[in-house]
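Morning, everyone. Please have a look at the structure on the screen, and I'll walk you through it.

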Amino acid sequence: TADQKDAIVRASRLPLSIIIVGVGPADFKAMNHLDGDDGKLKSTTGEAVSRDIVQFVPFRDFKDVRPSSNRNHNGTEALPKC
């Protein structure tokens, strides 16, 4: 929603990260938009985020993944790189 976008843009100036985990078979297109991976998220007034603070992870993409013995699988793979 517009309120969520505005809140994320304001929060992007703070030392904060937001991780959204999508659970279930729902359509998560709106969450992908908040993630901002396909372009900078902008508020309703046109202000862009200062930095990418949102990471969306659909649980269904990872629920059956088995960690390999040669890979550190502690969940940080999905976090944005700073």
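One term before we start: contact means heavy atoms within 4.5 Å. Keep in mind too that this is a predicted model.

Let's begin with the helix at the start of the numbering. Helix α1 covers residues 2-11, and its buried residues are Asp6, Ile8, Val9 and Ala11. What do the buried residues of α1 pack against? They pack against β1, α2 and β2.

Now the strands. Strand β1 is residues 18-22, and strand β2 is residues 54-58. They run parallel, and five bridges join them. Two pairs to find on screen. Ile18 in β1 has Val54 as its bridge partner in β2. Val21 is partnered with Val57.

Next, how the strands connect. Helix α2, residues 29-35, belongs with β1 and β2 in a β-α-β unit. That unit is right-handed.

Stay with β2 for a moment. Is β2 mostly covered or mostly open? Mostly covered: five of its five residues are buried. Look at where they point. Val54, Phe56 and Pro58 go one way. Gln55 and Val57 go the other way. Both groups are buried.

On to charges. How many salt bridges does a search of the whole structure find? One. The side chains of Glu47 and Arg13 meet there, at 3.1 Å from N to O. This pair links distant parts of the chain. Glu47 sits in the loop between α2 and β2, and Arg13 sits in the loop between α1 and β1. The two residues are 34 residues apart. Why do we call Glu47 partly exposed? Because its relative accessible area is 35%, and partly exposed runs between the 20% and 50% cut-offs.

Last stop, the surface. There is a nonpolar patch of about 390 Å². Which residues make this patch? Ile19, Val21, Val23 and Phe59. We met Val21 earlier, as the bridge partner of Val57. Val23 lies in the loop between β1 and α2. Val23 has 63% relative accessibility, so it counts as exposed; the cut-off for that is over 50%.

To recap. We have parallel strands β1 and β2, in a right-handed unit with α2. The buried residues of α1 pack against these three elements. One salt bridge turns up in the whole structure, and a nonpolar patch lies on the surface. Thanks, that's my slot.

Technical notes. Residues are numbered from 1 along each chain as its sequence is written. This is a predicted model: local features need pLDDT of at least 70, side-chain atom pairs count only at pLDDT 80 or more; totals for chains, interfaces and linings use all residues. Side-chain values use heavy atoms; hydrogens and water are left out. Two strands pair if DSSP finds at least two bridges between them. Helices (H or I, at least four residues) and strands (E, at least two) are DSSP runs, numbered from the N terminus. A crossover is right-handed if, with the strands pointing away from the viewer, the path from the first strand over the helix to the second runs clockwise. Buried means under 20% relative accessible area, exposed over 50%, partly exposed in between (1.4 Å probe, protein chains only). A salt bridge is a side-chain nitrogen of Lys or Arg within 4 Å of a carboxyl oxygen of Asp or Glu. Patches are made of residues with over 30% relative accessible area and no salt bridge: like charges are joined within 9 Å, nonpolar side chains (Val, Leu, Ile, Met, Phe, Trp, Tyr) within 5 Å. Accessible areas come from the Shrake-Rupley method with a 1.4 Å probe; for residues, only the protein chains shown count as cover.
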